[in-house]
Amino acid sequence: MKTSVLNKIMKNLIFPDRFTKKGRLAYYIVSHKTGLMVLVGLYLDNSIDSTSFLVYYFAQCLYEPFNALNFSLGGRIGTYWSIDSTPELQKRINDFDVLNKLNTFDDFLYFLSNHPFYGDKLGRDNYLALTYFIFSQYDKSLFYLNEIISTEKDDNFSSYSQEVKNAQLIKNFIINKNYDKGILQLLQWQSQTIKDIGLKIK
């Protein structure tokens with residue numbers, strides 16, 4: 001289905017006031033007192049059938065370095081949707097209570113800890129490590145940072161060496177009790193992620 005058609009469908013769908021729309025994406029931001037943020041959204045995506053589309057819901061840590069929208073922590077609403085089925089989609093969105101429960105960072109941590117993660121283990125470990133760091137739960141953060149760092153022994157280490165370097169950096173901040181520097185680093189990564197995915201967040 002053409003992007004212009006999906007954009008029009010998204011434009012006509014009704015969301016609560018806290019949502020902002022950008023093309024095929026409807027989203028809102030969950031903010032921490034440090035300024036760190038989680039992007040919560042719904043996205044209309046193409047399917048292999050040119051007359052239908054998919055709807056993904058997701059929550060993405062903006063403080064993790066990433067250059068695109070990341071649907072790993074989320075899922076699909078329904079199966080395949082078409083222009084004719086948009087009234088039913090609107091009803092499903094109205095009744096969809098998952099996002100209604102994502103209002104604070106505490107909500108997000110619960111969601112992250114209990115919802116299936118469809119990306120690789122490294123991605124989930126990274127989300128948990130950085131989020132526990134934000135909560136000042138440094139022992140838990142270190143556990144997941146060490147999980148990431150241990151992948152140095154894997155044969156395909158070169159494909160995620162940057163993640164290991166980032167984990168080691170945050171680990172060093174914890175060991176040296178430079179917690180403020182750690183938060184500043186997350187804020188820097190967040191600024192780059194927001195720029196890379198093309199959002200303007202105030």
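Which hand does the crossing of H5 and H6 have, left or right? In this predicted model, the crossing of the two helices is left-handed. Helix H5 covers residues 138-149 and helix H6 covers residues 161-175, and their axes come within 9 Å of each other, crossing at roughly 150 degrees. Angles over 145 degrees count as roughly antiparallel, so H5 runs roughly antiparallel to H6.

As for who touches whom, H5 brings Tyr-138, Ser-141, Leu-142, Leu-145, Asn-146, Ile-148 and Ile-149 to the contact, while H6 answers with Glu-163, Val-164, Ala-167, Gln-168, Ile-170, Lys-171 and Ile-174. Sorted by class, the residues of this contact come out as 9 nonpolar, 3 polar and 2 charged.

H6 also turns up in the pockets. The largest pocket has a volume of about 230 Å³, and 16 residues line it. Nearest its centre lie Glu-64, Phe-66, Leu-122, Gly-123 and Glu-163. Glu-163 is thus a residue to look at twice, since it is also on the H6 list for the contact with H5. Helix H4 (121-134) and H6 each supply at least two residues of the lining, with H4 giving the largest share, 4 residues. The lining of this pocket breaks down into 6 nonpolar, 7 polar and 3 charged residues.

Then there is the second largest pocket, with about 160 Å³ of space. Its lining is made up of Asp-97, Val-98, Lys-101, Leu-102, Asp-107, Tyr-110, Phe-111, Asn-114 and His-115. By class, that gives 4 nonpolar, 2 polar and 3 charged residues.

How values were computed
Residues are numbered from 1 along each chain as its sequence is written. This is a predicted model: local features need pLDDT of at least 70, side-chain atom pairs count only at pLDDT 80 or more; totals for chains, interfaces and linings use all residues. Side-chain values use heavy atoms; hydrogens and water are left out. Axes are lines fitted to C-alpha atoms, for helices over the stretch in contact, and angles run from 0 to 180 degrees between N-to-C directions. Angles under 35 degrees count as roughly parallel, over 145 as roughly antiparallel, 65 to 115 as roughly perpendicular and the rest as oblique. A crossing is left-handed if the near helix is turned anticlockwise from the far one by less than a right angle, and right-handed if clockwise. Contact means heavy atoms within 4.5 Å. Ala, Val, Leu, Ile, Met, Phe, Trp, Tyr, Cys and Pro count as nonpolar, Asp, Glu, Lys and Arg as charged, and the others, Gly among them, as polar. On a 1 Å grid over the protein atoms alone, a cavity is a set of points where a 1.4 Å probe fits but cannot get out, and a pocket is an open set with protein on both sides within 12 Å along at least five of seven lines; lining residues have an atom within 4 Å of a point. Grid points are joined across faces, edges and corners, and a volume is the space filled by probe spheres set on the points.
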